[in-house]
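Here is a friendly walk through the model on your screen. Please keep the sequence and the 3D view open side by side while you read.

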Amino acid sequence: MERYTLECQHVSMSFPGVKALNNVDFTVRTGEIHALVGANGAGKSTLMKVLAGANPGYTGDLFLNGKKISIRNPFAAKHAGVQIVFQEVDTALIPSLSVAENIMLNDMIMNMGHQQLVHWSRIRSEAQKVLDRLNIQLDVRKKVADLSLAQKQMVLIARAIQSSCKFLLLDEPTAPLSDNETKDLFNLVLTLKRTEDIAIIFITHRIYEVLKICESYTAMRNGEIVGNFPITNDTSVKEIVEQMLGRSFEESFSKTPVEIGEKVFEVNHLTEKENKVRDVSLYVRKGEVVGIAGLVGAGKSELCKTIFGALKKKEGSIIYKGKELTIRTPSDAVKQNIALVPEERRKEGVLVQESVDFNLSASCLNDFCYFSFVNKKKITRNAQMFIDKLGIKTPSTSQKTAFLSGGNQQKVVIGKWLSAHCSVYIFDEPTKGVDVGAKKEIFKLINNIAAEGNSVLYATCENSEILAITDRIYVMFGGEIMAELETKKTNDKEIMYYSVGGRKPAGQQ
Amino acid sequence: MERTIDSQNFNSRTVFQFLLNWAAVLALLVCVLIFTTMLGKAFFSGPNLVNILRSMAITTIFAIAATVTMAPDGFDMSSCTLASFSAYIFVSMYLWYGMSLGMAIIVCILFTMVFYLVTLFLILVCKIPDMLATCALMFIHQGLGLWYTGGGAVSAGMSLPNGNPPARRGLSDAFMSIGQAPMIIIIMLACVAVAHVFLTYTKHGRYLYAMGGNRTAAKLSGINVTKYRFLAGMITAIFIAIGAIVVASRNTAAQIVGCDNYLMPSLAAVFVGLSVGGAKKPNAFGTLIGAGLVSVLENGLMMCSVPYYILPAVKGAVLTLALIAAYASKKEY
């Protein structure tokens, strides 16, 4: 069989303010299963999108079998034989149509020509043929909406194979799957390699999966390729993690020590309704900053939101100072003095259309009211106090929050909770999209919040931040807590080891 | 919407923004100016001003109801059909069952609030989008209302659907005065004032606007969004009932689908009012301006002997222009 090679040379890709890919050389050949690994923001997805034609602004050259090609749109990518299955399978499927139509979608859109009628029996039989080839048991007449997530993924893979595919890119395919479903997927991938003789590129955070199924891997770091390595029986998770991380980060922030008191906030066996968080138990002491580490999609945000009542919990209890709290809605949580600084600041944190002073009082407007009538003066005074205290840069208290910078908006969100006198603060990626200076100030704020005797939970995928600000760390993976670490006694590599699903060595609990 | 203030474009932009913010007021002034030059004293006179205020009163009251619903980003297409139903109840309580005027008013308001629970049940419990739920309810209101009256209007001198004679023969002066100047104008201004104070100066009003701006953020700030959507609905129901009472009094009867036609001008009034003073959200004062614009246009065009059957097109054009102003400047997210 003929071998195909897809080669990137000196590929770079910039987004406003960031260089997502920097002079990347990457080669893949048909007939191999190749893994692409790297921490969050290393550029894996960006590179895949370049190959799939979803990033038309790249610079550099692409070669197919040594011949220069240009992939500026998804159509060109398909023409070159590159098919991608994105992590969010639902974005690529049409739930109201049957399995057969979804598998044959490319064919129905691109190869119909002047033909006006749909040839149903042909569509179904061709779709069935593809499924047979892949050894997938699935009724082609079934509606996609009725399928499980794993089955939907198979439909997408079948669609990719149906239209001449030479390079199949799988972006985090196993993240939402159960162990059994993962095994099925691996079997499918092995079948594909054997019978179709195509290249499969696997992007994953689950390093132990890489060891199981891939023959070689490419590690990426900060938009650059670290290197290409074969996978042998001697390759270990630890070795791959080291390639992903390289030198350790140095954080300029130094935490001022805070006296840590007794246990005040406890979460026991918390499980989210859709199992996005499973059996999580943790506690926070007075004055303590506890980190929740883990990669994107590990369930950190979901954990924060479940505690706060924004996601429904299935089981578990939340205890503050020995008393069990009933939290069904965020409104309940706020009444119990729990605060959440959410990840999506503009969507969930601030009311961008409202003024700074209203935002700073939104969670405790009652305190500024006289028989339900808002006392504007009190609100302004409160706002002025927090503007001074937190160093929020705004021309006036009545400025619309939309016009503030990201860091200042985040300070407004934090100020909102400070004026509500909360005692448990949950931060979910509070430094996302803020510049270095503002980041440092936010750290200082969090440090002060803890020093005043409050309890803080700090969720982030940036390990350097976790190491700088916290006292203790829980590492999450797949919705569960994998490890509890003492910040002073741990390091970046250990956190990463657990973040990618590494297990504790036997006998060390 | 993210805009940074750029010093170079600052002046032209502020002028443009100013014009946009006061476009509705300017349009109102321009209309008055044009009609005055064309019609002279016949248009620009005390009696005609009262005329205009009287004709805009009903539109304004329904528009205030819509304003309160739309503040937390809700929507109600069935407000005016419900008002027709409430008007049947109001007049029938007075004529058929001989209730006092005050009692009939109270029953009418309570009925509207209770019936509005159906609307809120569909929206809050069944989670149907506001637009679709109220669209379905329009037909339910119309059908149930006519079933109640036996298919006809409720007016003086007519017997009950079961053939019994009504308890009262006619309407009292007090009943009729509700729909006449100055009472009708006072009611309108009172509704605007109450809605303005509620939305601008109470924490409940601020919460409703917070929800309208960003429901997720409002919820995560600890605002009980379901409770406040319910509250907005109940207040809307009260304004709908007031509208129904005024319409019935003005028509001296509860006519078949007597209020249904006020939906479109009242929505137009709210959308025209959105941008007034740069509020960028449904607000009571803007709504009053919007209703004024619609009524001045209607009044002036009538006087220019434009046939009455073309007027819906004019009102529709105002609504369309207001919608363009509200949506065309929106940036895609």
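## Where the two chains meet

The count between chain A and chain B is two salt bridges, and this is a predicted model. Several elements of chain A take part on its side of the interface: α11 (330-335), α12 (345-349), β18 (373-374) and α15 (406-419) each supply at least two residues that touch chain B. Of these, α12(A) gives the largest share, four residues. Sorted by character, the chain A side divides into 17 nonpolar, five polar and six charged residues.

In terms of contacts, 28 residues of chain A meet 24 residues of chain B. Together the chains bury about 2300 Å², with 54% of that area on carbon and sulfur atoms. Three residues stand out on the chain A side: A:Leu351, A:Glu354 and A:Phe403 supply 19% of the area that chain A buries against chain B, more than any other three residues. The interface also has 10 residue pairs in polar contact, counted where both residues are at pLDDT 80 or more.

## One glutamate, two partners across the interface

Which residues of chain B form salt bridges with A:Glu354? One partner is B:Lys281, with an N to O distance of 3.5 Å. The other is B:Arg206, where the closest N and O atoms are 3.4 Å apart. This second pair runs from the loop between α12 and α13 (356-361) of chain A, where A:Glu354 lies, to helix α9 (residues 203-213) of chain B, which holds B:Arg206.

Are A:Glu354 and B:Arg206 buried or exposed? Both A:Glu354 and B:Arg206 are buried. It is worth selecting A:Glu354 in the viewer, as this residue also belongs to the trio with 19% of the area that chain A buries against chain B.

## Salt bridges within chain A

Over all chains, the structure holds 18 salt bridges. Side chains of opposite charge can pair when their charged atoms come close. Within chain A, A:Glu441 and A:Lys411 meet with an N to O distance of 2.6 Å. This bridge links distant parts of the chain, as A:Glu441 sits in helix α16 (residues 436-451) and A:Lys411 in helix α15, 30 residues apart. The two ends have their own surroundings: A:Glu441 is partly exposed, with a relative accessible area of 31%, while A:Lys411 has 2% and counts as buried. There is also a network in which salt bridges with shared partners join A:Arg285, A:Glu288, A:Arg472 and A:Glu484.

Another pair to look at is A:Lys68 and A:Asp61, whose closest N and O atoms are 3.2 Å apart. Here A:Lys68 is exposed, at 55% relative accessible area, and A:Asp61 is partly exposed, at 25%.

## Cysteines without disulfides

How many disulfides does a search of the whole structure find? The search finds zero over all chains. Why is A:Cys165 without a bond to A:Cys8? The sulfur of A:Cys8 is the closest cysteine sulfur to that of A:Cys165, yet the two are 16 Å apart, so they are too far for a bond. A:Cys165 is also buried, with a relative accessible area of 11%. In chain B, B:Cys135 is in no disulfide either, and its nearest cysteine sulfur, that of B:Cys80, is 14 Å away. B:Cys135 is partly exposed, at 30% relative accessible area.

A further cysteine, A:Cys461, lies in the loop between β20 (455-459) and α17 (463-469) of chain A. With 16% relative accessibility, A:Cys461 counts as buried. Leaving out residues up to four places away in sequence, A:Cys461 touches A:Asn40, A:Gly294, A:Leu295, A:Val296, A:Lys300 and A:Glu429. The C-alpha atoms of A:Cys461 and A:Gly297 are separated by 9.5 Å, although these residues are 164 places apart along the chain.

## A buried arginine in chain B

For a last stop, turn to B:Arg229, which is placed in helix α11 (residues 225-251) of chain B. At 1% relative accessibility, B:Arg229 counts as buried. Beyond its neighbours within four places in sequence, B:Arg229 is in contact with a set of residues including B:Phe75, B:Leu120, B:Ile123, B:Leu124 and B:Met211. Charged residues are also among its contacts, including B:Asp130 and B:Arg215.

Methods:
Residues numbered from 1 in each chain as written. Chains lettered and ligands numbered in written order. Predicted model: local features only at pLDDT ≥ 70, side-chain atom pairs only at ≥ 80, totals over all residues. Heavy atoms only, no water. Contact = heavy atoms within 4.5 Å. Buried area = accessible area lost by both parts, 1.4 Å probe. Salt bridge = Lys/Arg side-chain N within 4 Å of Asp/Glu carboxyl O. Polar contact = N/O pair within 3.5 Å; in protein donor to acceptor, adjacent residues only side chain to side chain. Buried < 20%, exposed > 50% of the residue type's maximum accessible area, 1.4 Å probe, protein only. Disulfide = S-S within 2.5 Å.
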